[in-house]
Amino acid sequence: MSRRAVGDGRDEQALTAYVERFGDVLTDAGMPRLASRIFAALLADEDGRMTAAELTEALAVSPAAVSGAVRYLTHVGMIGKERERGSRRDVYVVRAEAWHDAIMSRDRVMNEIMRSMSQGVDAVGGPETPAGRRLQLSVDFVEFITRRLGDIQEEWTERRAKLMAGWPGD
């Protein structure tokens with residue numbers, strides 16, 4: 001699984017099992033299967049950076065499958081793509097803030113969903129109708145969650161600073 005030298009303290013069998021288990025959890029949560037495994041592999045990789053060839057080898061899948069999965073992961077903001085220095089190869093990188101970025105980037109999508117559902121309230125005859133009440137309740141819920149995400153963002157910024165204080169390189 002890893003590109004690291006033997007004797008670095010990593011248990012390759014346990015690492016492979018972890019990637020599969022965590023990949024299954026992400027798949028059960030709705031992420032495509034191979035994208036789940038790739039994200040888990042990158043997250044568990046020592047430097048969080050792997051080329052498509054390394055992912056293909058580590059997960060025993062085709063290069064075409066890796067290509068589609070990393071395209072999905074970059075699109076949803078879970079990983080980034082960088083050019084390997086002095087090479088034409090792309091390196092896929094999981095950022096320490098992958099979860100944060102993916103969740104917080106949903107703000108734009110949530111606003112669009114809210115706008116669309118609001119239009120639906122009127123289209124179904126207003127909030128006095130059963131469909132209108134369901135849609136309005138959905139709008140209110142999404143609006144509530146979006147507001148709370150802003151509060152959570154502020155709390156997380158403070159907490160992250162405390163957690164990362166003293167990390168190497170800081």
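## The sheet

How many bridges join strand 2 to strand 3? In this predicted model, the count is four, and the two strands run antiparallel. Strand 3, residues 90-93, also pairs with strand 1, this time through three bridges, and that pair is antiparallel too.

Put together, you get an open sheet of three strands in the order 1-3-2, with antiparallel pairing. Strand 1 (49-51) and strand 2 (80-83) sit at the edges with a single partner strand each, so one side of each has no neighbour in the sheet. From one strand to the next, the twist averages 35°.

## Who faces whom in the strands

Now for some individual residues. Along the pairing of strand 1 with strand 3, M50 stands opposite Y92, and T51 stands opposite V91. Over on strand 2, look for G80, which has V93 of strand 3 opposite.

Here's a handy rule for looking at any sheet: in a regular strand, side chains alternate between the two faces of the sheet.

Strand 2 and strand 3 also make a hairpin, with six residues between the strands. Find G86 in this hairpin: its phi is positive, near 75°.

## Helices around the sheet and beyond

Helix 3 covers residues 52-59 and lies across strand 1 and strand 3. If you follow its direction, you'll see that helix 3 runs at about 90° to strand 1.

Next, try helix 2 (residues 33-44) and helix 4 (residues 63-75). Their axes are 9 Å apart, and the two helices pack at an angle of about 75°. Angles from 65 to 115 degrees count as roughly perpendicular, and that is therefore how helix 2 and helix 4 stand to each other. On the helix 2 side of the contact you'll find L34, A35, I38 and F39, while helix 4 brings A65, V66, A69, V70, Y72 and L73. What kind of residues make up this contact of helix 2 with helix 4: nonpolar, polar or charged? The split is 10 nonpolar, no polar and no charged.

## The largest pocket

Finally, go and look for the largest pocket, which holds about 300 Å³ of space. Its lining is made of 16 residues, and those nearest the centre are A96, E97, W99, H100 and W156. Helix 5 (98-104) and helix 7 (130-164) are the elements that give two or more residues to this lining.

Which helix gives the most to the lining of the largest pocket? That's helix 7, with six residues. Sorted by type, the lining residues come out as 11 nonpolar, two polar and three charged.

Terms used:
Residues are numbered from 1 along each chain as its sequence is written. This is a predicted model: local features need pLDDT of at least 70, side-chain atom pairs count only at pLDDT 80 or more; totals for chains, interfaces and linings use all residues. Side-chain values use heavy atoms; hydrogens and water are left out. Two strands pair if DSSP finds at least two bridges between them. Axes are lines fitted to C-alpha atoms, for helices over the stretch in contact, and angles run from 0 to 180 degrees between N-to-C directions. Contact means heavy atoms within 4.5 Å. Angles under 35 degrees count as roughly parallel, over 145 as roughly antiparallel, 65 to 115 as roughly perpendicular and the rest as oblique. Ala, Val, Leu, Ile, Met, Phe, Trp, Tyr, Cys and Pro count as nonpolar, Asp, Glu, Lys and Arg as charged, and the others, Gly among them, as polar. On a 1 Å grid over the protein atoms alone, a cavity is a set of points where a 1.4 Å probe fits but cannot get out, and a pocket is an open set with protein on both sides within 12 Å along at least five of seven lines; lining residues have an atom within 4 Å of a point. Grid points are joined across faces, edges and corners, and a volume is the space filled by probe spheres set on the points.
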